[in-house]
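Colleague: I should like to go through this structure step by step, with the reasoning behind each answer. May we begin once it is shown?

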Amino acid sequence: MDQAVTAVLAEYASSRGALILVLVACTSLAIARPPGEPPIRPVGIVEQPCPVPTASGDTEKPAKDSHERILDPGEGREFEPPDPNTVNLLHAAEEERLHNDWASLCHYRAENAALRRATLPRVVFMGDSITELWKVAHPDFFGDGYIDRGVSGQTTAQMLVRFRQDVIALKPAVVHILAGTNDFAGNGGPTTLEAIKNNIASMVDLAVANDIRVVLGSVPPAGAFPWRPTVLEPAQHIVEMNEGLRRFARERNLIYVDYHEPLADERDAMKQTFSNDGVHPNRDGYSVMEPLTRHAIEQALAASAEAAAKSATAKPPKTKDGNKH
């Protein structure tokens, strides 16, 4: 999770869990450039605000390794700290991104453009690292019109900023919203349950206004955040938030998916069998989530098709001269 990486590295550099989470959050965001050469960044109003995507051999392998430590159920909770030079590289890249692209609007811009030229998705998954790593864990799950638009470390406020670009512009039938973990971790600073709910409600409003059905996921359980140990007792706040989201979904006729109950232990933290770090599901955790997700999406797609059929039959037929009766 990547919002306050500077503070994390300074305060918790000795924490093995914190270091690996910084690595997971930052790797996909690193920008390769020759040593000593500053990045060329556009300023103000420009035609192309995003730099050309590049791959770095310095970060590619560490990214895969760190993903496996998070996702492999056999890894457990014993993480090896990443190389300090790699951490420094990723730290600098993340600091630059937060300064130049706070909401990560560049993250999926090229992929979005390619999608609009091809087949539009049926379902977009909007979220943070739990969503982004989902595709890494089970890439086959994201066939059949499922599109992943998760960005590691993001709060609900950042997701709201990119919702039009990464969801509405793709014209899906359904959006799956899984958000809030980084708000509880304090990635965006201090906040309130009401502020988190308001951001999620605004995403829902945007979706509904654009005829996109909403599948609203509960915030997954977490008993602590390795990169932010000063956040105390998040588990009960998450439970309270999910109760509010369930009521909200019922009031707005949304499909609600409870991921918390099957993933949580008796303390409302994440079960150790389903997570290596207590926050991100491992592959076994995602396997628990996926049947629930598919069922909810099938319901949403059926409701969307039914609404489209009703709308089509409600339109009066046109005569040969083009007039309606």
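Modeller: A residue is called exposed when its relative accessible area is over 50%, buried when that area is under 20%, and partly exposed in between. Please keep in mind throughout that this is a predicted model.

Colleague: With those cut-offs, is E233 buried or exposed?

Modeller: E233 is found in the loop between β4 (213–217) and α10 (234–252). Its relative accessible area is 64%. The limit for the upper class is over 50%, so E233 is exposed.

Colleague: What is the phi of E233?

Modeller: Most residues other than glycine have a negative phi. E233 is a residue other than glycine, yet its phi is positive. The value is near 50°.

Colleague: Where is K171 found, and what is its phi?

Modeller: K171 is found in the loop between α7 and β3 (174–178). With a relative accessible area of 61%, K171 is exposed. Although K171 is not a glycine, it has a positive phi, of about 55°.

Colleague: Turning to the whole chain, how many helices and strands are there?

Modeller: The protein chain has 325 residues, and buried residues make up 50% of them. Among its contacts between residues at least 6 apart in sequence, 76% join residues at least 24 apart. As for the elements, the count is twelve helices and five strands.

Colleague: Which residues does the disulfide join?

Modeller: The structure holds one disulfide. Its S to S distance is 2.1 Å, and a pair of cysteine sulfur atoms counts as a disulfide within 2.5 Å. The residues joined are C50 and C106.

Colleague: Where do these two cysteines lie, and how many residues apart are they?

Modeller: C50 is in the loop between α2 (16–27) and α3 (57–71). C106 is in the loop between α4 (84–100) and α5 (109–117). The pair thus links distant parts of the chain, 56 residues apart.

Colleague: Is the disulfide left-handed or right-handed?

Modeller: The torsion about the S-S bond of C50 and C106 decides this, and it is about -90°. The disulfide is therefore left-handed.

Colleague: Which class of exposure does C106 fall into?

Modeller: C50 has a relative accessible area of 11%, so it is buried. For C106 the relative accessible area is 23%. Buried requires under 20% and exposed requires over 50%, so C106 is partly exposed.

Colleague: Which residues is L115 in contact with, leaving aside its neighbours within four places in sequence?

Modeller: L115 lies in helix α5 and is buried, with a relative accessible area of 16%. L115 and I147 are 32 residues apart in sequence, with a C-alpha to C-alpha distance of 9.7 Å. With the close neighbours left aside, the contacts of L115 are L120, I147, R149 and L170.

Colleague: How are α7 and α9 oriented to each other?

Modeller: Helix α7 (residues 156–166) packs with helix α9 (residues 193–209) at an angle of about 15°, and their axes are 9 Å apart. Angles under 35 degrees count as roughly parallel. The orientation of α7 and α9 is therefore roughly parallel.

Colleague: What is the hand of the crossing of α9 and α10?

Modeller: The axes of α9 and α10 are 11 Å apart, at an angle of about 30°. These two helices are therefore roughly parallel as well. Their crossing is right-handed.

Colleague: How do the residues of the contact of α9 with α10 divide by class?

Modeller: On the α9 side, the contact includes L193, I196 and K197. On the α10 side, H237, E240 and M241 are among the residues. The division is nine nonpolar, one polar and four charged.

Colleague: Finally, how is α6 oriented to α12?

Modeller: Helix α6 (residues 129–137) and helix α12 (residues 283–314) have axes that come within 11 Å and cross at roughly 100°. Angles of 65 to 115 degrees count as roughly perpendicular. The orientation of α6 to α12 is therefore roughly perpendicular.

Notes:
Residues are numbered from 1 along each chain as its sequence is written. This is a predicted model: local features need pLDDT of at least 70, side-chain atom pairs count only at pLDDT 80 or more; totals for chains, interfaces and linings use all residues. Side-chain values use heavy atoms; hydrogens and water are left out. Axes are lines fitted to C-alpha atoms, for helices over the stretch in contact, and angles run from 0 to 180 degrees between N-to-C directions. Helices (H or I, at least four residues) and strands (E, at least two) are DSSP runs, numbered from the N terminus. Angles under 35 degrees count as roughly parallel, over 145 as roughly antiparallel, 65 to 115 as roughly perpendicular and the rest as oblique. Buried means under 20% relative accessible area, exposed over 50%, partly exposed in between (1.4 Å probe, protein chains only). Contact means heavy atoms within 4.5 Å. A crossing is left-handed if the near helix is turned anticlockwise from the far one by less than a right angle, and right-handed if clockwise. Ala, Val, Leu, Ile, Met, Phe, Trp, Tyr, Cys and Pro count as nonpolar, Asp, Glu, Lys and Arg as charged, and the others, Gly among them, as polar.
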